[in-house]
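Q: Could you take a close look at a single part of this model, and then follow its surroundings outward to the rest of the protein?

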Amino acid sequence: MPRFAANLSMLYPELDFLDRFDAAAKDGFAGVEYLFPYAFPATEIAARLKANGLKQVLFNAPPGNWDGGERGLACLPGREGEFRDGIAKALDYAAALDCPRVHVMAGLLPASLARETGKATYVENLRWAAGEAAKAGRDLLIEPINTRDIPGFFLNRQDEAHAIVEAIGASNLKVQFDLYHCQIVEGDVAMKIRKYLPTGRVGHIQIAGVPERHEPDIGELNHPYLFKVIDEVSAQCGWDGWVGGEYRPARGAVPNGTSDGLAWLRAAKALSA
Ligand SMILES: O=C(O)C(=O)[C@@H](O)CO
Ligand SMILES: [Mg+2]
């Protein structure tokens, strides 16, 4: 079975962020991911990881003005300086947290901007950032996201993401394969696992129930089946990444709301036992 990480931006909403590390470890997660660490000193987060024997497996580079609605800077002409400063900051945190990969959000394509212009900026920014990440010994990930959750998001499809990664040709630039977004945008998820894992271009997988983005055992995707496919393909091609549970617990921010919803994780572990 794949290794599972808890997404601490979404799981354990009833707890303060720093207390979520302890909860995830107690619930049997071996790793954690989240959107942004920047509100906390890296030393403080590193201490929580160490105290709980957790691995930091992923976080995002600064996205621009998140509260103002921005969702990344990578496709935005004129913001290259800020983009580069954000990558430098993310790589500093990645070193302090011993985190092997950083997700770079593409951003919203402005209505007034031609897609080709946004794409040229995106590719140039990624090329530069992948070089910096390589010097720091990290992978850089790009994630196709559905436009119901993030209207106007630049990168939506798996094939587009893989084509961009291939065209740039940096071995540390990879795709963050979020099965939830994939199901909403294009479907055929199992076949896409079979197609893309063997390419070596998938750096991380994320899961959630579709369409509510609750626990993976709620909704239209059959995760036990998909875990078996991931296992089977991984055995053939040597994929050894992490699978992040990135969902909003159905019970919400109530005590033990996340822990009580982890039947899907226990079932996945039982399958491999
Ligand atoms: O929303 C998602 O899906 C993510 O993985 C976040 O990192 C936002 O891009
Ligand atoms: Mg995701």
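A: In this predicted model, Gly 72 touches Pro 63, Gly 64, Val 104, Met 105, Ala 106 and Gly 107, leaving aside residues up to four places away in sequence. Gly 72 itself sits in the loop between β3 (55–60) and α3, and it counts as buried because 30 other C-beta atoms lie within 10 Å, where 20 or more are needed for that label. One of its partners, Gly 107, is 35 residues apart from Gly 72 along the chain, yet the two C-alpha atoms are separated by 3.9 Å.

Another of these partners, Ala 106, leads into the interior. Apart from residues up to four places away in sequence, Ala 106 touches Gly 72, Ala 74, Cys 75, Tyr 122, Ile 142, Phe 153, Phe 154 and Leu 155. Ala 106 is also among the residues with the most contacts inside the largest nonpolar core, together with Val 32, Ala 74, Val 102, Val 104 and Leu 179. Val 104 thus appears both in this group and among the contacts of Gly 72. The core has 76 residues, and helix α3 (residues 80–97) gives the most to it, with 7 residues. In soluble globular proteins, nonpolar side chains tend to be buried together.

Met 105, which touches Gly 72, leads instead to the ligand. Around ligand 1 are Leu 35, Asn 60, His 103, Met 105, Glu 143, Ile 145, Asp 178, His 181, Gln 206 and Glu 246. Sorted by class, this shell has 3 nonpolar, 4 polar and 3 charged residues.

Two residues of the shell also carry an annotation: an unreviewed UniProt entry lists Glu 143 and Glu 246 under "active site". Although these two are spread over 104 residues of sequence, they cluster in space, with a largest C-alpha distance of 13.2 Å. Glu 143 lies in the loop between β5 (139–142) and α5 (158–168), and it counts as buried because it has 21 C-beta neighbours inside 10 Å. With residues up to four places away in sequence left out, Glu 143 touches His 103, Gln 176 and Asp 178; of these, His 103 and Asp 178 are also listed around ligand 1.

Glu 246 lies in the loop between β8 (242–245) and α9 (263–272), and it is buried, with 27 other C-beta atoms within 10 Å. On the same basis of leaving out residues up to four places away in sequence, Glu 246 touches Asn 7, Met 10, Asp 178, Gln 206, Ile 207 and Ala 208. Asp 178 is therefore a contact of both annotated residues, given that contact here is a C-beta separation within 7 Å.

The loop that holds Glu 246 also holds Val 254, again between β8 and α9. Val 254, however, is exposed, with 11 other C-beta atoms within 10 Å. Val 254 and Pro 13 are 241 residues apart in sequence, but their C-alpha atoms are 7.9 Å apart in space.

Some backbone details deserve a careful check as well. Tyr 12 lies in the loop between β1 (3–7) and α1 (20–26), has a positive phi near 55° although it is not a glycine, and counts as buried, with 24 C-beta neighbours inside 10 Å. Further along the chain, a cis peptide bond with an omega of about 5° joins Val 210 and Pro 211, and Pro 211 is placed in the loop between β7 (202–207) and α8 (223–237). Arg 213 is found in the loop between β7 and α8 too; its phi is near 60°, another positive value in a residue other than glycine, and Arg 213 is partly exposed, with 18 other C-beta atoms within 10 Å. Most residues other than glycine have a negative phi, and most peptide bonds are trans.

Seen as a whole, the protein has 9 helices and 8 strands, and its C-alpha trace spans about 50 × 40 × 35 Å along the principal axes. Its radius of gyration is 18 Å, which agrees with the value near 19 Å that a compact globule of 273 residues would have. Of these 273 residues, 45% count as buried. Among contacts with a separation of 6 or more, 76% are between residues 24 or more positions apart, and the pair of Gly 72 and Gly 107, 35 residues apart along the chain, is one local illustration of chain segments meeting in space.

Terms used:
Residues are numbered from 1 along each chain as its sequence is written. Chains are lettered from A and ligands numbered from 1 in the order in which they are written. This is a predicted model: local features need pLDDT of at least 70, side-chain atom pairs count only at pLDDT 80 or more; totals for chains, interfaces and linings use all residues. Helices (H or I, at least four residues) and strands (E, at least two) are DSSP runs, numbered from the N terminus. The radius of gyration is taken over C-alpha atoms; the globule rule is 2.2 Å times the number of residues to the power 0.38. A residue is buried if 20 or more other C-beta atoms lie within 10 Å of its own, exposed if 12 or fewer, and partly exposed in between; C-beta atoms are placed from the backbone. Two residues are in contact if their C-beta atoms, placed from the backbone, lie within 7 Å. A residue is near a molecule or strand if its C-beta atom, placed from the backbone, lies within 6 Å of it. Ala, Val, Leu, Ile, Met, Phe, Trp, Tyr, Cys and Pro count as nonpolar, Asp, Glu, Lys and Arg as charged, and the others, Gly among them, as polar. A nonpolar core is a set of buried Ala, Val, Leu, Ile, Met, Phe, Trp, Tyr and Cys residues joined through C-beta atoms within 7 Å. UniProt positions are given in the numbering used here, feature names are shortened, and annotations may be inferred rather than shown by experiment.
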